[in-house]
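Welcome! Here is a short briefing for anyone meeting this structure for the first time. Please take a look at the sequence and the model before reading on.

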Amino acid sequence: MSTLAHLTTDVPVEPSRLWARWADPDTHPEWSHDLAWVRLEQPLEVGARGHLKPKGGPRSRFTVTELEEGRTFADTTHLIGARLTFRHAAEPAAAGSRVTVTVTIEGPLAAAWTRILGPAATREGIEKDLEELVRLLTAAPTAPTGATRTADR
């Protein structure tokens, strides 16, 4: 197994809120820039399977490979000749959470997939995805269209 990308950073969001989004794969395209869609086809647990479609790529199978409520979520995508794992972890930190995202790849064609995916592009992708997830979780709610706001009296 080799590490394709790794990121550790602090973000202003509680671990449980991050985990809730990580553990809901169907929502991943809302914050992951390279996914067209994701469908988890079984109840969420280790071993649950689903399919995902990267933008511009083929539909692929994935399996939930690690799950610790409120802390970690990992899924492994089954590529031709390789397995690509994204592991997300969040620990409490002063500003909210210390987040670690690690992307690993293994299998007989791992070296070829590493060249195709590119470690720098993968690192940039996880940085952008985390920034977007934090933005979504910290954005102020917007008023419904047509709603009016009245001042407190």
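The notes below go from the overall build to one helix, the largest pocket and the salt bridges.

This is a predicted model. The chain has 153 residues, of which 41% count as buried. Its secondary structure comes to three helices and seven strands.

**Overall build**

- Reading from the N terminus, you will meet the elements in the order β-α-β-β-β-β-β-β-α-α.
- The C-alpha trace spans about 70 × 35 × 30 Å along its principal axes.
- Take the contacts between residues at least 6 apart in sequence: 47% of them join residues at least 24 apart.

**Helix α1 and its buried face**

- Helix α1 covers residues 15-22, and its buried residues are P15, L18, W19, R21 and W22.
- Looking down the axis of α1, you would find these buried residues within an arc of 160 degrees, so they line one face of the helix.
- What do the buried residues of α1 pack against? Their partners are the strands β1 (2-11), β4, β5, β6 and β7 (96-106), together with helix α3.

**The largest pocket**

- The largest pocket holds about 810 Å³ of space.
- It is lined by 37 residues, and those closest to its centre are D34, L35, P54, L84 and F86.
- Several strands each give at least two residues to this lining: β2 (35-40), β3 (49-54), β4 (60-68), β5 (72-79) and β6 (82-93).
- The helices α2 (110-117) and α3 (119-138) also supply at least two lining residues each.
- Which element provides the largest share of the lining? That is α3, with six residues.
- Sorted by class, the lining of the largest pocket has 21 nonpolar, eleven polar and five charged residues.

**Salt bridges**

- Side chains of opposite charge can pair when their charged atoms come close.
- How many salt bridges does a search of the whole structure find? The count is ten.
- One of them joins R87 and E66, whose closest N and O atoms are 2.8 Å apart. With R87 in strand β6 and E66 in strand β4, the pair ties together parts that are 21 residues apart in sequence.
- Both partners count as partly exposed, R87 at 29% relative accessibility and E66 at 26%.
- E91 and R71 form another salt bridge through their side chains, at 2.5 Å from N to O. Because E91 lies in strand β6 and R71 in the loop between β4 and β5, this pair ties together parts that are 20 residues apart in sequence.
- E91 is partly exposed, with a relative accessible area of 38%, and R71 also counts as partly exposed, at 28% relative accessibility.
- The residues R71 and E91 belong to a network of salt bridges that links them with E68.
- The side chains of E132 and R135 meet in a salt bridge too, at 2.6 Å from N to O. Here both residues lie in helix α3, three residues apart, which is about one turn of the helix.
- E132 is partly exposed at 24% relative accessibility, and R135 is partly exposed with a relative accessible area of 44%.

**Where the topics meet**

- Helix α3 is worth finding in the model: it packs against the buried residues of α1, gives six residues to the lining of the largest pocket and holds both E132 and R135.
- Strand β6 is another good landmark, since R87 lies in it, as does E91.

Terms used:
Residues numbered from 1 in each chain as written. Predicted model: local features only at pLDDT ≥ 70, side-chain atom pairs only at ≥ 80, totals over all residues. Heavy atoms only, no water. 1 Å grid on protein atoms, 1.4 Å probe; cavity = no way out; pocket = protein on both sides within 12 Å on 5 of 7 lines; lining within 4 Å. Points joined across faces, edges and corners; volume = space filled by probe spheres on them. Helix = DSSP H or I, 4+ residues; strand = E, 2+ residues; numbered from the N terminus. Nonpolar A, V, L, I, M, F, W, Y, C, P; charged D, E, K, R; others polar. Salt bridge = Lys/Arg side-chain N within 4 Å of Asp/Glu carboxyl O. Buried < 20%, exposed > 50% of the residue type's maximum accessible area, 1.4 Å probe, protein only. Arc of directions from axis to C-beta. Contact = heavy atoms within 4.5 Å.
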